[in-house]
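Here are my notes for you on this one. Have the model open as you read.

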Amino acid sequence: MRFVISALFLFVVAAAYDPLDPNGNLTIKWDIVSWTPDGYVAVVTMNNFQMYRHIMSPGWTLGWTWAKKEVIWSMNGAQTTEQGDCSQFKGNVPHCCKKIPTVVDLLPGVPYNQQYSNCCKGGVLPAWGIDPQSAVSAFQISVGMAGTSNKTVKLPKNFTLLGPGPGYTCGPAKVVPSTTFLTQDRRRKTQALMTWNVTCTYSQFLARKNPSCCVSFSSFYNETITPCPTCAYNIPLLQCTHHMCPVRVHWHVKVNYKEYWRVKVSIINFYYRMNYTLWSLAVQHPNLNDVTQVFSFDYKPLVPYESINDTGIWAINVQSEVLLRKDKDTFTLKQGWAFPRKVYFNGDECMLPPPDTYPFLPNSAPHQQLFSGLAAIAAMVFLLVTVW
């Protein structure tokens, strides 16, 4: 389970532009490594160059349309979901004869002779910003009835990507400078005979009509709990709640110290069909540029712009706490300042409550008086617990 908490975060638009991850994309690279009598052998590499959006189980599904009458003779590290009509072939039958093949990753534990480097993870592809070593998937493909030179090869078209559901849009394949490779002893460079790239970007608006998560608020200075707004879902195996959202994120302003303040973040999954073994959470708040300590997090800063260091990535359990240092010029508990501006789960924006429903700071309690009174209450609670 992984969470991303950020002070400046994503605002997804139809063009799939993300201000926190302006260069985020999933790039598919084809490297032709050898020619065959009727085609070529290529290595296809998928890199998830997104900072926090994973491709979770059941994994990616890649499709395209052949430009001519190509067939796939064999594959290592992946397979097509259908073979298609190969009745015209006698003897050696291709792996796939479909005009529009659909390719999926192999599962872990397949025989060694079917594997390829960075394959066989069931299509799970973590985000580069969280786990760069695992953010790559690859397979080898032998293509027949195709061009046998750079001049006669026709690039596939109409690429599609499910990750695992809809939301990704892929651009056309573009020829780029050939990829170079280092030999195992790292003393010699070789290069692909031909290379092309396909870039796919994500849009929440294409992925789903309704929000997939909602946010609720609470605080130590007000008994009111601001509930989640409604997501308006009606899907099987979703627990019945007033908000009907698959995932709820709760932000609790827990303690106000003299120079610091503490927040508790909790995540609740109401969707019985989904086991979120790999996920991310992102939060926009101006004070996240000065995180003092995190509890049960693996933390590292995320800096999309060199001049702004207000974003962080953590690995986290279903709930944890964050200790932040106050900025005396900006910190306040008034007017909902202590609550996040944006929240995202798995890269999708969550529904926030209306601002006028946020827990408010009682006007009758001065700041210092509130701090002292809460300290006394905390001491009383401790006494009651220990005596009981």
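The points below cover a sheet, a record entry and a pocket.

1. First, the ground rules: this is a predicted model, where local features need pLDDT of at least 70 and side-chain atom pairs count only at pLDDT 80 or more, while totals for chains, interfaces and linings use all residues. Residues are numbered from 1 along each chain as its sequence is written, and side-chain values use heavy atoms, with hydrogens and water left out.

2. Look for the open sheet of 4 strands, in the order E6-E7-E4-E9, with antiparallel pairing. Strands here are DSSP runs (E, at least two residues), numbered from the N terminus, and two of them pair if DSSP finds at least two bridges between them. At the edges sit E6 (78–80) and E9 (157–162), each pairing on one side only.

3. Now zoom in on E6: this strand and E7 (residues 102–105) pair in the antiparallel sense over 3 bridges. Gln79 stands opposite Val104 in E7.

4. On the record side, an unreviewed UniProt entry lists "domain: COBRA C-terminal" for residues 212–233, 238–312 and 317–359; such annotations may be inferred rather than shown by experiment. Over residues 212–233 the chain is 55% strand and 0% helix, and the end C-alpha atoms are 8 Å apart.

5. Which residues are closest to the centre of the largest pocket? They are Met56, Pro164, Arg208, Met274 and Tyr276, out of 25 that line the pocket (a lining residue has an atom within 4 Å of a point on the 1 Å grid; a pocket is an open set of points where a 1.4 Å probe fits, with protein on both sides within 12 Å along at least five of seven lines). The lining draws at least three residues from each of domain 1 (25–206) and domain 2 (213–357), with bounds from an automatic or database domain assignment.
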